[in-house]
Amino acid sequence: MPQFTSIFSWSLIRHIYTVRTTREEMEREEQRWASTAGFLAACVGSAVGLGNIWMFPYRAGKYGGGAFLAIYIFLLFIVGVTGLTMEWTLGRSRGGGPIKSFAVMPFGKYLGVLPTVTMFLILSFYSVVFAWILRFFVGSISGEIFRESFLNDIAFQPQSLIFCIIAISITTLIVMAGVKRGIERANLVMMPLLFVLLIILAIKSVTLPGAYRGVEFYLMPDLSEMNATTWLMALSQVFFSLSLAGGTMVVYGSYQSKNRDLTLSSVATSLSDTAVAIIAGLVVIPAVFAFGMEPGEGPELIFVTLPKVFASMRFGWIFAILFFFTLILATLSTAISLLEVCVNALCEHLKWRRKKATFLSALLTMASGSFLSVNENFFEFIVDLSSIYLVILGALMASIALMWFYGSKRARDELNRGGRIKFGRWWEVMGKYVYPAVLIVILLAAALFGIG
Ligand code: PHE
């Protein structure tokens with residue numbers, strides 16, 4: 001009998017153990033991109049967001065049009081490719097998110113909490129704007145957006161809370177389904193659709209009578225408009241827009257297999273992100289000019305000026321619906337990537353199951369998002385703090401962890417493994433010296449003169 005009990009308990013333990021390991025293995029397997037196309041779609045999905053369609057056109061409109069665009073493109077090539085490849089390599093070589101990856105440097109484990117919190121803060125303000133976009137989408141179907149005061153009627157009003165909760169719920173459902181089955185699949189559908197819709201909208205906008213003045217303003221750099229603020233804004237825009245903050249891209253990189261490409265993917269991601277920003281500008285600015293309005297309106301450009309443009313356009317309501325739907329795709333794909341960083345941190349460090357981690361992160365985001373939805377001043381503070389300062393700080397720490405502590409040579413070997421193109425020593429020089437120096441300069445300038 002005792003022998004029987006011990007055999008029984010032994011096989012029970014073995015059974016539990018095998019079930020557990022296979023379940024863990026399955027979860028780990030699910031935590032990988034099925035293809036490089038899927039990885040790319042997810043990274044472009046994260047990069048393309050409010051930064052491109054909301055901030056880029058109004059910042060370009062406010063800070064000198066073509067001058068802003070020219071500097072942006074120039075900087076993008078210098079820092080974009082270097083930054084993306086560094087963050088991906090860091091995540092892939094260390095096999096985890098910022099907390100695990102930053103642990104290569106002293107206090108790194110604690111420093112890695114910062115990008116995780118930054119992602120949470122960005123997600124919180126994102127959910128507020130996402131809620132407005134959902135409300136504008138519904139309003140473009142019912143015709144309410146053509147009411148002059150529509151933005152004021154909904155923004156920072158209790159009625160936007162329900163849309164905030166809907167926005168977070170949609171994001172949560174996709175993240176809960178997993179990296180491969182949720183995030184990758186959703187982005188593979190959303191990204192091509194987003195490109196097609198934006199191109200249709202841009203064609204409509206640039207062919208409006210009188211639109212060419214806007215195209216000229218937007219595409220012709222006026223060198224007299226270039227000043228220090230233009231440079232600073234364009235630089236911080238590059239980081240925010242490419243999701244370079246030591247968070248999302250580190251986590252997404254950790255899901256990419258070691259024998260797959262990172263180098264060519266970084267070029268493709270930077271180019272797609274810039275293309276979307278440029279096309280979004282072509283959707284907004286020429287149309288605004290065509291109807292004799294001003295593009296320097298600021299953050300309200302797409303919510304106040306654009307509905308007026310749609311109202312004066314033939315079949316404008318159709319374009320309004322398409323425009324706000326496109327915005328939903330862009331915002332959702334980014335929100336997913338932000339939530340994933342929080343989920344990843346809970347699963348990795350507290351060993352929580354994915355469902356539980358996603359559920360808790362979603363609840364916390366609902367609480368902070370709802371708070372920001374009705375507190376305008378706090379909302380503005382969080383937008384500036386997270387999208388300018390914390391993003392840059394996170395990107396700086398990621399580059400230092402990889403190039404100075406993990407080792408730049410080792411990092412380059414790791415990066416080139418599986419790469420369709422190989423990066424030379426220039427990459428080490430860029431990543432180790434130029435990139436952090438540029439970041440420190442913006443950070444200091446931003447702290448001293450304040451930008452935003
Ligand atoms: N890249 C996103 C955008 O353009 C914002 C973002 C920043 C997302 C940092 C993740 C990390 O809207």
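## A pocket and its lining

How many nonpolar, polar and charged residues are in the lining of the second largest pocket? In this predicted model, the lining has 13 nonpolar, two polar and six charged residues. The space inside the second largest pocket comes to about 480 Å³.

To find the pocket in the structure above, look for Trp 54, Trp 132, Pro 299, Phe 379 and Glu 380, which are the closest to its centre among the 21 lining residues. Three elements each give two or more residues to the lining: α3 (50–62), α8 (150–154) and α18 (376–416).

## Helix α17 and its surroundings

Let's turn to a helix. Helix α17 covers residues 354–373, 20 residues in total. At 1.5 Å a residue it should span 28 Å, and its end C-alpha atoms lie 27 Å apart, so the two values agree.

Which residues of α17 are buried? They are Arg 354, Ala 357, Thr 358, Ser 361, Ala 362, Thr 365, Met 366, Ser 368, Gly 369, Ser 370, Leu 372 and Ser 373. The elements covering these buried residues include α7 (113–142), α9 (160–176), α10 (179–206), α16 (316–350) and α18.

## Salt bridges along a helix

The model has ten salt bridges. One of them pairs the side chains of Asp 413 and Lys 409, at 2.9 Å from N to O. These two residues sit four apart in helix α18, so about one helical turn separates them. Here is a handy idea to remember: an α-helix has 3.6 residues a turn, so residues three or four places apart point the same way. Asp 413 is partly exposed, with a relative accessible area of 42%, and Lys 409 is also partly exposed, at 45%.

Helix α19 (residues 425–449) offers another example, with Glu 428 and Arg 425 three residues apart, or about one helical turn. Their side chains meet in a salt bridge at 3.7 Å, N to O. Are these partners buried or exposed? Glu 428 counts as buried because its relative accessibility is 5%, under the 20% cut-off. Arg 425, at 53%, counts as exposed because that is over 50%. Elsewhere, salt bridges that share partners join Arg 92, Lys 258, Glu 414 and Arg 417 into one network.

## A link between distant parts

Glu 148 and Lys 308 also form a salt bridge through their side chains, at 3.9 Å from N to O. This pair links distant parts of the chain, 160 residues apart: Glu 148 is in the loop between α7 and α8, while Lys 308 is in helix α15 (residues 301–312). Glu 148 is exposed, with a relative accessible area of 62%, whereas Lys 308 is partly exposed at 35%.

Conventions. Residues are numbered from 1 along each chain as its sequence is written. This is a predicted model: local features need pLDDT of at least 70, side-chain atom pairs count only at pLDDT 80 or more; totals for chains, interfaces and linings use all residues. Side-chain values use heavy atoms; hydrogens and water are left out. On a 1 Å grid over the protein atoms alone, a cavity is a set of points where a 1.4 Å probe fits but cannot get out, and a pocket is an open set with protein on both sides within 12 Å along at least five of seven lines; lining residues have an atom within 4 Å of a point. Grid points are joined across faces, edges and corners, and a volume is the space filled by probe spheres set on the points. Ala, Val, Leu, Ile, Met, Phe, Trp, Tyr, Cys and Pro count as nonpolar, Asp, Glu, Lys and Arg as charged, and the others, Gly among them, as polar. The expected span of a helix is 1.5 Å times one less than its number of residues. Buried means under 20% relative accessible area, exposed over 50%, partly exposed in between (1.4 Å probe, protein chains only). Contact means heavy atoms within 4.5 Å. A salt bridge is a side-chain nitrogen of Lys or Arg within 4 Å of a carboxyl oxygen of Asp or Glu.
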